[in-house]
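Biologist: Hey, got a few minutes to walk me through this model? I'd like to start with how the helices pack.

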Amino acid sequence: MADDIRPSKTNLLVDRFGRQITYLRLSVTDRCDLRCTYCMAERMKFLPRVDLLTLEELDLVTTTFIQRGVRKVRLTGGEPLVRRDVVSLVERIGRHLGNGLDELTLTTNATLLSDHASALYAAGVRRVNISLDSIDPAQFTAITRRGDLAKVMAGIETALSVGLKVKINTVALKHQNADEIPAIIEWAHGLGMDITLIEVMPLGETGEDRIDQYIPLSMVRDQLEQRWTLTDQPNRDMTAGPSRYVQITETGGRLGFITPLTSNFCAGCNRVRVTCTGRIYMCLGQDDHVDLRGLIRDHPNDATALNKALDQALFAKPEKHDFAINRRGEGAALTRHMSVTGG
Ligand code: SAM
Ligand code: SF4
(Lines give C-alpha, C1' and ligand atoms only; values in the text may rest on other atoms or scores of the structure.)
(Ligands and ions follow the chains in the order given, each with its own letter.)
Protein backbone atom coordinates (compact mmCIF):
# COMPACT_ATOMS: atom_id res chain seq x y z
CA MET A 1 0.00 0.00 0.00
CA ALA A 2 1.37 3.42 -0.99
CA ASP A 3 1.71 6.38 1.36
CA ASP A 4 -1.29 8.63 1.76
CA ILE A 5 -0.38 11.68 -0.33
CA ARG A 6 -3.64 13.57 0.04
CA PRO A 7 -3.15 17.35 -0.16
CA SER A 8 -3.72 19.83 2.62
CA LYS A 9 -6.17 22.71 2.07
CA THR A 10 -3.28 25.14 1.63
CA ASN A 11 -1.55 23.49 -1.32
CA LEU A 12 -4.54 22.92 -3.60
CA LEU A 13 -4.25 24.20 -7.15
CA VAL A 14 -6.84 26.98 -7.39
CA ASP A 15 -6.53 29.37 -10.35
CA ARG A 16 -7.15 33.12 -10.65
CA PHE A 17 -10.79 32.47 -11.53
CA GLY A 18 -11.43 30.28 -8.50
CA ARG A 19 -11.37 26.98 -10.40
CA GLN A 20 -9.70 24.12 -8.53
CA ILE A 21 -7.65 21.74 -10.66
CA THR A 22 -8.68 18.19 -9.86
CA TYR A 23 -8.26 16.49 -13.22
CA LEU A 24 -5.01 15.71 -15.04
CA ARG A 25 -4.86 14.46 -18.61
CA LEU A 26 -1.46 13.01 -19.23
CA SER A 27 -0.23 12.25 -22.73
CA VAL A 28 2.20 9.33 -22.57
CA THR A 29 3.25 9.32 -26.24
CA ASP A 30 2.70 11.33 -29.41
CA ARG A 31 2.84 8.13 -31.50
CA CYS A 32 -0.15 6.25 -32.82
CA ASP A 33 -0.89 3.25 -35.01
CA LEU A 34 -3.73 5.16 -36.76
CA ARG A 35 -3.80 8.45 -38.68
CA CYS A 36 -7.32 9.80 -38.19
CA THR A 37 -7.95 12.45 -40.84
CA TYR A 38 -8.95 15.15 -38.33
CA CYS A 39 -6.11 14.43 -35.90
CA MET A 40 -2.91 13.65 -37.79
CA ALA A 41 -1.31 14.11 -41.17
CA GLU A 42 -0.71 11.05 -43.34
CA ARG A 43 3.03 11.38 -42.80
CA MET A 44 3.80 12.32 -39.23
CA LYS A 45 7.19 13.12 -37.83
CA PHE A 46 7.14 11.79 -34.29
CA LEU A 47 9.34 13.00 -31.46
CA PRO A 48 12.66 11.32 -30.68
CA ARG A 49 12.26 8.98 -27.71
CA VAL A 50 14.73 10.93 -25.55
CA ASP A 51 12.32 13.85 -25.65
CA LEU A 52 9.59 11.82 -23.95
CA LEU A 53 9.28 11.72 -20.20
CA THR A 54 10.46 8.40 -18.81
CA LEU A 55 8.20 6.18 -16.75
CA GLU A 56 9.78 7.54 -13.56
CA GLU A 57 9.34 11.15 -14.73
CA LEU A 58 5.68 10.58 -15.66
CA ASP A 59 5.14 9.01 -12.26
CA LEU A 60 6.83 11.91 -10.47
CA VAL A 61 4.76 14.53 -12.28
CA THR A 62 1.50 12.65 -11.68
CA THR A 63 2.27 12.03 -8.02
CA THR A 64 3.05 15.72 -7.54
CA PHE A 65 -0.27 16.69 -9.10
CA ILE A 66 -2.10 14.25 -6.82
CA GLN A 67 -0.31 15.79 -3.84
CA ARG A 68 -1.73 19.14 -5.00
CA GLY A 69 -5.33 17.96 -5.22
CA VAL A 70 -5.73 16.15 -8.54
CA ARG A 71 -8.17 13.28 -7.96
CA LYS A 72 -8.69 12.01 -11.46
CA VAL A 73 -6.01 11.07 -13.99
CA ARG A 74 -6.64 10.17 -17.61
CA LEU A 75 -3.86 8.72 -19.74
CA THR A 76 -4.01 9.62 -23.38
CA GLY A 77 -1.78 10.38 -26.35
CA GLY A 78 -1.22 9.71 -29.26
CA GLU A 79 -2.30 6.19 -28.57
CA PRO A 80 -1.39 5.36 -24.96
CA LEU A 81 -1.37 1.60 -25.58
CA VAL A 82 1.42 1.81 -28.19
CA ARG A 83 3.81 2.89 -25.44
CA ARG A 84 5.53 -0.31 -24.39
CA ASP A 85 5.71 0.40 -20.65
CA VAL A 86 2.20 1.84 -20.34
CA VAL A 87 0.88 -0.97 -18.12
CA SER A 88 3.77 -0.40 -15.66
CA LEU A 89 2.84 3.27 -15.59
CA VAL A 90 -0.79 2.42 -14.91
CA GLU A 91 0.34 0.13 -12.08
CA ARG A 92 2.52 2.86 -10.60
CA ILE A 93 -0.16 5.54 -10.73
CA GLY A 94 -2.77 3.00 -9.63
CA ARG A 95 -1.04 2.70 -6.25
CA HIS A 96 -2.50 6.11 -5.35
CA LEU A 97 -6.10 4.95 -5.86
CA GLY A 98 -7.90 5.38 -2.58
CA ASN A 99 -4.94 7.41 -1.24
CA GLY A 100 -5.68 10.74 -2.90
CA LEU A 101 -6.60 9.48 -6.34
CA ASP A 102 -10.27 8.65 -7.02
CA GLU A 103 -10.06 7.51 -10.62
CA LEU A 104 -7.51 6.41 -13.19
CA THR A 105 -8.78 6.18 -16.76
CA LEU A 106 -7.56 5.99 -20.30
CA THR A 107 -8.60 7.22 -23.73
CA THR A 108 -7.71 4.75 -26.45
CA ASN A 109 -8.47 3.80 -30.03
CA ALA A 110 -8.82 0.20 -28.70
CA THR A 111 -6.74 -1.46 -31.45
CA LEU A 112 -4.50 -3.00 -28.76
CA LEU A 113 -7.06 -3.19 -25.98
CA SER A 114 -7.66 -6.94 -26.26
CA ASP A 115 -4.06 -7.47 -25.10
CA HIS A 116 -4.19 -5.01 -22.21
CA ALA A 117 -7.75 -4.87 -20.84
CA SER A 118 -7.18 -7.44 -18.07
CA ALA A 119 -3.95 -5.86 -16.86
CA LEU A 120 -5.54 -2.42 -16.85
CA TYR A 121 -8.44 -3.70 -14.77
CA ALA A 122 -6.06 -5.43 -12.37
CA ALA A 123 -4.16 -2.13 -11.93
CA GLY A 124 -7.33 -0.32 -10.88
CA VAL A 125 -8.73 1.09 -14.13
CA ARG A 126 -12.52 0.78 -14.14
CA ARG A 127 -13.55 2.94 -17.10
CA VAL A 128 -12.10 3.63 -20.53
CA ASN A 129 -13.07 6.04 -23.28
CA ILE A 130 -12.82 4.51 -26.73
CA SER A 131 -12.68 6.69 -29.82
CA LEU A 132 -14.60 5.25 -32.72
CA ASP A 133 -15.94 7.27 -35.64
CA SER A 134 -17.49 4.54 -37.78
CA ILE A 135 -18.80 1.00 -37.38
CA ASP A 136 -18.54 0.38 -41.11
CA PRO A 137 -15.23 -1.41 -41.81
CA ALA A 138 -14.43 0.48 -45.04
CA GLN A 139 -15.39 3.87 -43.64
CA PHE A 140 -13.41 3.16 -40.48
CA THR A 141 -10.32 2.40 -42.56
CA ALA A 142 -10.89 5.59 -44.59
CA ILE A 143 -11.24 7.82 -41.50
CA THR A 144 -8.24 6.29 -39.73
CA ARG A 145 -6.34 5.97 -43.04
CA ARG A 146 -5.26 2.42 -42.02
CA GLY A 147 -7.25 0.94 -39.13
CA ASP A 148 -8.85 -2.49 -38.91
CA LEU A 149 -12.31 -2.24 -37.33
CA ALA A 150 -12.27 -5.91 -36.31
CA LYS A 151 -9.38 -5.26 -33.90
CA VAL A 152 -11.24 -2.36 -32.29
CA MET A 153 -14.41 -4.43 -31.93
CA ALA A 154 -12.38 -7.23 -30.33
CA GLY A 155 -10.83 -4.68 -27.96
CA ILE A 156 -14.26 -3.39 -26.95
CA GLU A 157 -15.58 -6.91 -26.40
CA THR A 158 -12.61 -7.82 -24.19
CA ALA A 159 -12.89 -4.58 -22.22
CA LEU A 160 -16.57 -5.20 -21.49
CA SER A 161 -15.92 -8.84 -20.63
CA VAL A 162 -13.26 -8.03 -18.00
CA GLY A 163 -15.65 -5.53 -16.38
CA LEU A 164 -14.42 -2.20 -17.74
CA LYS A 165 -17.10 0.41 -18.27
CA VAL A 166 -16.75 1.76 -21.81
CA LYS A 167 -17.76 5.16 -23.18
CA ILE A 168 -17.55 5.73 -26.91
CA ASN A 169 -16.29 9.07 -28.29
CA THR A 170 -17.23 9.92 -31.86
CA VAL A 171 -16.00 12.98 -33.72
CA ALA A 172 -18.79 14.22 -36.01
CA LEU A 173 -17.46 14.60 -39.56
CA LYS A 174 -19.61 16.26 -42.21
CA HIS A 175 -18.81 13.89 -45.08
CA GLN A 176 -17.35 10.86 -43.38
CA ASN A 177 -19.82 9.84 -40.68
CA ALA A 178 -22.65 12.36 -40.19
CA ASP A 179 -25.15 9.98 -41.86
CA GLU A 180 -23.97 7.06 -39.78
CA ILE A 181 -24.28 8.72 -36.36
CA PRO A 182 -27.74 7.28 -35.51
CA ALA A 183 -26.49 3.76 -36.31
CA ILE A 184 -23.39 4.27 -34.12
CA ILE A 185 -25.58 5.50 -31.26
CA GLU A 186 -27.92 2.50 -31.56
CA TRP A 187 -24.97 0.12 -31.60
CA ALA A 188 -23.34 1.73 -28.52
CA HIS A 189 -26.57 1.85 -26.53
CA GLY A 190 -27.31 -1.75 -27.55
CA LEU A 191 -24.13 -2.75 -25.72
CA GLY A 192 -24.93 -0.58 -22.70
CA MET A 193 -22.25 2.03 -23.51
CA ASP A 194 -22.67 5.80 -23.23
CA ILE A 195 -21.57 7.71 -26.31
CA THR A 196 -20.37 11.29 -26.71
CA LEU A 197 -20.25 13.24 -29.96
CA ILE A 198 -17.43 15.75 -30.40
CA GLU A 199 -17.11 18.72 -32.74
CA VAL A 200 -13.92 18.67 -34.75
CA MET A 201 -11.43 21.21 -33.41
CA PRO A 202 -8.83 23.14 -35.44
CA LEU A 203 -5.71 21.58 -33.94
CA GLY A 204 -2.61 20.78 -36.00
CA GLU A 205 -2.16 20.49 -39.75
CA THR A 206 -3.69 17.26 -41.05
CA GLY A 207 -3.63 17.84 -44.80
CA GLU A 208 -7.46 18.12 -44.74
CA ASP A 209 -9.59 21.27 -44.85
CA ARG A 210 -11.43 21.64 -41.54
CA ILE A 211 -14.38 23.29 -43.17
CA ASP A 212 -14.96 20.08 -45.15
CA GLN A 213 -14.97 18.11 -41.90
CA TYR A 214 -16.79 20.40 -39.50
CA ILE A 215 -20.48 19.95 -38.79
CA PRO A 216 -22.00 21.78 -35.83
CA LEU A 217 -23.50 19.39 -33.29
CA SER A 218 -26.57 21.61 -33.08
CA MET A 219 -27.34 20.38 -36.61
CA VAL A 220 -26.70 16.74 -35.67
CA ARG A 221 -28.97 17.12 -32.67
CA ASP A 222 -31.76 18.56 -34.82
CA GLN A 223 -31.53 15.52 -37.08
CA LEU A 224 -31.56 13.11 -34.12
CA GLU A 225 -34.61 14.86 -32.68
CA GLN A 226 -36.56 14.09 -35.84
CA ARG A 227 -36.01 10.41 -35.15
CA TRP A 228 -35.89 10.07 -31.35
CA THR A 229 -36.98 11.72 -28.10
CA LEU A 230 -34.00 13.46 -26.46
CA THR A 231 -34.38 14.57 -22.85
CA ASP A 232 -31.73 16.90 -21.42
CA GLN A 233 -30.06 15.56 -18.31
CA PRO A 234 -29.34 18.03 -15.53
CA ASN A 235 -25.68 19.08 -15.31
CA ARG A 236 -24.31 17.29 -12.30
CA ASP A 237 -22.13 20.29 -11.50
CA MET A 238 -20.08 22.91 -13.30
CA THR A 239 -16.91 20.84 -13.09
CA ALA A 240 -18.39 17.61 -14.42
CA GLY A 241 -16.65 18.17 -17.76
CA PRO A 242 -17.51 19.61 -21.12
CA SER A 243 -20.14 17.00 -22.08
CA ARG A 244 -23.83 17.91 -22.00
CA TYR A 245 -25.94 14.76 -21.80
CA VAL A 246 -29.35 13.72 -23.06
CA GLN A 247 -31.26 10.51 -22.48
CA ILE A 248 -32.71 8.91 -25.61
CA THR A 249 -36.05 7.27 -24.85
CA GLU A 250 -36.08 4.84 -27.78
CA THR A 251 -32.52 3.47 -27.34
CA GLY A 252 -32.55 3.70 -23.54
CA GLY A 253 -29.01 5.15 -23.42
CA ARG A 254 -27.15 8.40 -22.74
CA LEU A 255 -25.70 10.64 -25.42
CA GLY A 256 -23.22 13.45 -24.71
CA PHE A 257 -22.35 16.48 -26.81
CA ILE A 258 -18.98 18.22 -26.63
CA THR A 259 -19.28 21.50 -28.49
CA PRO A 260 -16.09 23.55 -28.18
CA LEU A 261 -17.03 25.59 -31.25
CA THR A 262 -20.74 26.25 -30.87
CA SER A 263 -20.77 26.73 -27.12
CA ASN A 264 -18.01 27.36 -24.71
CA PHE A 265 -17.55 25.12 -21.67
CA CYS A 266 -14.65 26.88 -19.98
CA ALA A 267 -16.31 28.35 -16.89
CA GLY A 268 -16.14 25.09 -14.95
CA CYS A 269 -12.84 23.85 -16.36
CA ASN A 270 -11.03 21.86 -13.68
CA ARG A 271 -8.36 20.25 -15.83
CA VAL A 272 -4.78 20.58 -16.96
CA ARG A 273 -2.91 18.69 -19.63
CA VAL A 274 0.66 17.46 -19.50
CA THR A 275 2.27 16.44 -22.77
CA CYS A 276 4.50 13.42 -23.25
CA THR A 277 7.45 15.83 -23.27
CA GLY A 278 6.51 17.30 -19.90
CA ARG A 279 4.87 20.55 -20.91
CA ILE A 280 1.90 21.68 -18.85
CA TYR A 281 -0.85 23.20 -20.96
CA MET A 282 -3.51 24.81 -18.86
CA CYS A 283 -5.91 25.06 -21.82
CA LEU A 284 -6.31 22.86 -24.90
CA GLY A 285 -7.12 25.95 -26.97
CA GLN A 286 -4.18 28.15 -25.96
CA ASP A 287 -0.45 27.89 -26.53
CA ASP A 288 0.81 29.02 -23.10
CA HIS A 289 2.73 26.29 -21.34
CA VAL A 290 5.29 25.57 -18.66
CA ASP A 291 8.09 23.07 -19.28
CA LEU A 292 8.66 20.51 -16.54
CA ARG A 293 11.11 18.22 -18.32
CA GLY A 294 14.14 20.55 -18.19
CA LEU A 295 13.42 21.24 -14.56
CA ILE A 296 13.08 17.57 -13.59
CA ARG A 297 16.21 16.58 -15.51
CA ASP A 298 18.33 19.45 -14.19
CA HIS A 299 17.05 19.17 -10.60
CA PRO A 300 15.82 15.58 -10.21
CA ASN A 301 15.01 15.74 -6.50
CA ASP A 302 13.84 19.32 -6.16
CA ALA A 303 10.17 19.03 -5.11
CA THR A 304 10.04 22.74 -4.27
CA ALA A 305 11.03 23.75 -7.80
CA LEU A 306 8.49 21.35 -9.29
CA ASN A 307 5.72 22.74 -7.11
CA LYS A 308 6.72 26.29 -8.05
CA ALA A 309 6.40 25.36 -11.73
CA LEU A 310 2.89 24.06 -11.07
CA ASP A 311 2.01 27.36 -9.38
CA GLN A 312 3.43 29.27 -12.34
CA ALA A 313 1.34 27.23 -14.78
CA LEU A 314 -1.75 27.71 -12.66
CA PHE A 315 -1.31 31.46 -12.73
CA ALA A 316 -1.30 31.34 -16.54
CA LYS A 317 -4.54 29.34 -16.90
CA PRO A 318 -6.71 31.49 -19.19
CA GLU A 319 -10.35 32.18 -18.56
CA LYS A 320 -11.39 30.52 -21.85
CA HIS A 321 -10.27 29.21 -25.22
CA ASP A 322 -10.94 30.97 -28.51
CA PHE A 323 -11.40 28.28 -31.16
CA ALA A 324 -13.16 29.06 -34.41
CA ILE A 325 -13.39 27.51 -37.86
CA ASN A 326 -14.27 30.39 -40.13
CA ARG A 327 -12.89 30.34 -43.61
CA ARG A 328 -12.11 27.73 -46.24
CA GLY A 329 -8.39 27.03 -46.41
CA GLU A 330 -7.74 28.63 -43.02
CA GLY A 331 -4.79 27.04 -41.18
CA ALA A 332 -5.10 25.31 -37.84
CA ALA A 333 -5.92 27.63 -34.94
CA LEU A 334 -2.99 25.98 -33.17
CA THR A 335 -0.19 24.17 -34.97
CA ARG A 336 0.04 21.65 -32.14
CA HIS A 337 -1.72 18.33 -32.90
CA MET A 338 -4.24 16.94 -30.45
CA SER A 339 -2.03 13.84 -30.30
CA VAL A 340 0.77 15.90 -28.73
CA THR A 341 -1.28 17.63 -26.06
CA GLY A 342 -3.49 14.66 -25.44
CA GLY A 343 -7.19 14.71 -26.26
N1 SAM B 1 -5.53 7.72 -29.56
C2 SAM B 1 -6.48 7.84 -28.53
C3 SAM B 1 -7.87 7.93 -29.07
O4 SAM B 1 -8.04 8.17 -30.28
O5 SAM B 1 -8.80 7.76 -28.28
C6 SAM B 1 -6.23 8.97 -27.55
C7 SAM B 1 -5.77 10.27 -28.11
S8 SAM B 1 -6.89 11.11 -29.18
C9 SAM B 1 -5.95 12.56 -29.59
C10 SAM B 1 -8.12 11.64 -28.02
C11 SAM B 1 -9.41 12.13 -28.59
O12 SAM B 1 -9.18 13.32 -29.31
C13 SAM B 1 -10.10 11.18 -29.55
O14 SAM B 1 -11.43 10.97 -29.11
C15 SAM B 1 -10.09 11.92 -30.87
O16 SAM B 1 -11.22 11.61 -31.60
C17 SAM B 1 -10.05 13.35 -30.41
N18 SAM B 1 -9.50 14.28 -31.40
C19 SAM B 1 -8.30 14.25 -32.02
N20 SAM B 1 -8.13 15.31 -32.84
C21 SAM B 1 -9.27 16.03 -32.73
C22 SAM B 1 -9.72 17.24 -33.35
N23 SAM B 1 -8.98 17.92 -34.20
N24 SAM B 1 -10.95 17.68 -32.98
C25 SAM B 1 -11.73 17.00 -32.10
N26 SAM B 1 -11.35 15.87 -31.50
C27 SAM B 1 -10.14 15.38 -31.82
FE1 SF4 C 1 -4.42 8.25 -33.19
FE2 SF4 C 1 -6.32 8.92 -31.48
FE3 SF4 C 1 -5.33 10.74 -33.19
FE4 SF4 C 1 -6.82 8.78 -34.15
S5 SF4 C 1 -7.48 10.36 -32.73
S6 SF4 C 1 -4.83 9.47 -34.96
S7 SF4 C 1 -6.31 7.13 -32.80
S8 SF4 C 1 -4.24 9.76 -31.56
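Modeller: Sure. In this predicted model, α1 and α2 are roughly parallel to each other, because angles under 35 degrees get that label (over 145 is roughly antiparallel, 65 to 115 roughly perpendicular and the rest oblique). The axes of α1 (residues 55-67) and α2 (residues 86-94) cross at roughly 30° and come within 10 Å. Axes here are lines fitted to C-alpha atoms, for helices over the stretch in contact, and angles run from 0 to 180 degrees between N-to-C directions.

Biologist: Which residues of α1 and α2 make the contact?

Modeller: On α1 they are Leu55, Glu56, Leu58, Asp59 and Thr62, and on α2 they are Ser88, Leu89, Arg92 and Ile93. Contact means heavy atoms within 4.5 Å. By class there are four nonpolar, two polar and three charged residues. Ala, Val, Leu, Ile, Met, Phe, Trp, Tyr, Cys and Pro count as nonpolar, Asp, Glu, Lys and Arg as charged, and the others, Gly among them, as polar.

Biologist: Is the crossing of α1 and α2 left-handed or right-handed?

Modeller: Right-handed. That means the near helix is turned clockwise from the far one by less than a right angle; anticlockwise would be left-handed.

Biologist: And how do α1 and α10 sit relative to each other? What's the angle?

Modeller: Roughly 65°, with the axes of α1 and α10 (residues 303-315) coming within 11 Å. α1 and α10 are therefore roughly perpendicular. Leu60, Thr64 and Phe65 of α1 meet Leu306, Asn307 and Leu310 of α10. That contact divides into four nonpolar, two polar and no charged residues.

Biologist: What about α6 and α8, at what angle do they pack?

Modeller: About 65°, with the axes of α6 (residues 181-190) and α8 (residues 217-227) 11 Å apart. So α6 and α8 also come out as roughly perpendicular to each other. The crossing of α6 past α8 is right-handed. Ile181, Pro182 and Ile185 of α6 touch Val220, Leu224 and Arg227 of α8. The classes there are five nonpolar, no polar and one charged.

Biologist: Let's zoom out for a sec. How many helices and strands are there in the protein?

Modeller: 11 helices and 12 strands. They are DSSP runs numbered from the N terminus: helices are H or I with at least four residues, strands E with at least two. Of the 343 residues, 55% count as buried. Buried means under 20% relative accessible area, exposed over 50%, and partly exposed in between, with a 1.4 Å probe and protein chains only. As for contacts with a separation of 6 or more, 75% come from residues 24 or more positions apart.

Biologist: On to strands. Which strands does β9 pair with?

Modeller: β9 (residues 253-258) pairs with β6 (residues 194-199) in the parallel sense over four bridges, and with β8 (residues 244-248) in the antiparallel sense over five. A pair needs at least two DSSP bridges. Isoleucine 198 is bridged to isoleucine 258 of β9, while tyrosine 245 has glycine 256. Five of the six residues of β9 are buried.

Biologist: How many residues lie between β8 and β9 in the hairpin?

Modeller: Four, and glycine 252 in that turn has a positive phi of about 75°. β10 and β11 form a hairpin too, with four residues between them and glycine 278 at a positive phi of about 90°. Those two strands, β10 and β11 (residues 279-281), run antiparallel and share two bridges.

Biologist: And which residues cover the two faces of β10?

Modeller: In β10 (residues 271-274), Arg271 and Arg273 lie on one side and Val272 and Val274 on the other, and all are buried. β10 also runs parallel to β1 (residues 23-27), joined by four bridges, with leucine 24 opposite valine 272.

Biologist: Last one: what is the phi of alanine 110?

Modeller: About 75°, positive although alanine 110 isn't a glycine. Most residues other than glycine have a negative phi. Alanine 110 is in the loop between β3 (103-108) and α3 (113-122), and is buried at a relative accessible area of 0%. Arginine 145 has a positive phi as well, near 60°. Arginine 145 is in the loop between α4 (137-144) and α5 (149-162) and is buried at 18%.

Biologist: Any small print?

Modeller: Residues are numbered from 1 along each chain as its sequence is written, chains are lettered from A and ligands numbered from 1 in the order in which they are written, and side-chain values use heavy atoms, leaving out hydrogens and water. As the model is predicted, local features need pLDDT of at least 70 and side-chain atom pairs count only at pLDDT 80 or more, whereas totals for chains, interfaces and linings use all residues.
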